[in-house]
Amino acid sequence: RLAPPSEYATNMRRLGLRHVSQEDWTHRAAPFWGEVAWSAAANSKGWKAFRQYGWPLVRSALAMRHVISAIRQGCFKLTAFTASKPSLSEAQKEADRMAFLTDC
């Protein structure tokens, strides 16, 4: 499901990831959508894929126009996240802390 980037970042932190950061990549990724649509329509491999995968792929391809339009209107953003897993000692400390809080 689609959600605001802040919701994904919050969930990543809840799952124990550290150093969670996010960056708007809309300007970097937006050209990709148009290129994919164009290459699929103008390329024999694209037409072969349409025949092979049928209606679900056609429906996805048609939906791309909505993504492109939403990006142009500024109501669809593409966000990249980075995070790191805690070290074993950090994870153990957190588990010990949670066990202590549960015992209280």
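This is a short tour of one predicted model, stop by stop, with something to select at each. Residues are numbered from 1 along each chain as its sequence is written. Because the model is predicted, local features need pLDDT of at least 70 and side-chain atom pairs count only at pLDDT 80 or more, while totals for chains, interfaces and linings use all residues; side-chain values use heavy atoms, without hydrogens and water.

**Stop 1: the largest pocket**

Select L2, A3, P5, Y8, C75, F76, K77, L78, T79 and F81, which line the largest pocket. Two elements each give two or more residues to this lining: α1 (5-14) and β2 (79-84). Helices (H or I, at least four residues) and strands (E, at least two) are DSSP runs, numbered from the N terminus. Colour the lining by type and you get eight nonpolar residues, one polar and one charged. The space in this pocket comes to about 210 Å³.

A pocket here is an open set of points on a 1 Å grid over the protein atoms alone, where a 1.4 Å probe fits, with protein on both sides within 12 Å along at least five of seven lines; lining residues have an atom within 4 Å of a point.

**Stop 2: helix α5**

Now move to helix α5 (residues 88-103), where M98 is found. Add F100 and L101 to M98, and you have a nonpolar surface patch of about 310 Å². Patch residues have over 30% relative accessible area and no salt bridge, with nonpolar side chains joined within 5 Å. M98 itself is partly exposed at 40% relative accessibility, a class that sits between buried (under 20%) and exposed (over 50%), using a 1.4 Å probe and protein chains only.

Stay on α5 and select R97 and E94, which lie three residues apart, about one turn of the helix. Their side chains meet in a salt bridge at 3.0 Å, N to O; the term asks for a side-chain nitrogen of Lys or Arg within 4 Å of a carboxyl oxygen of Asp or Glu. R97 is partly exposed at 42%, and E94 at 30%.

**Stop 3: the other salt bridge**

How many salt bridges does a search of the whole structure find? The search finds two. For the one away from your current view, select R28 and E23, whose side chains meet at 3.2 Å, N to O. Both partners are partly exposed: R28 at 47% and E23 at 38%.

**Stop 4: a glycine in a loop**

Finish at G54, in the loop between α3 (44-53) and α4 (55-73). G54 is partly exposed, with a relative accessible area of 24%. Draw a distance from its C-alpha atom to that of R65, 11 residues apart along the chain, and it should read 18 Å.

Technical notes. Grid points are joined across faces, edges and corners, and a volume is the space filled by probe spheres set on the points. Ala, Val, Leu, Ile, Met, Phe, Trp, Tyr, Cys and Pro count as nonpolar, Asp, Glu, Lys and Arg as charged, and the others, Gly among them, as polar. Patches are made of residues with over 30% relative accessible area and no salt bridge: like charges are joined within 9 Å, nonpolar side chains (Val, Leu, Ile, Met, Phe, Trp, Tyr) within 5 Å. Accessible areas come from the Shrake-Rupley method with a 1.4 Å probe; for residues, only the protein chains shown count as cover.
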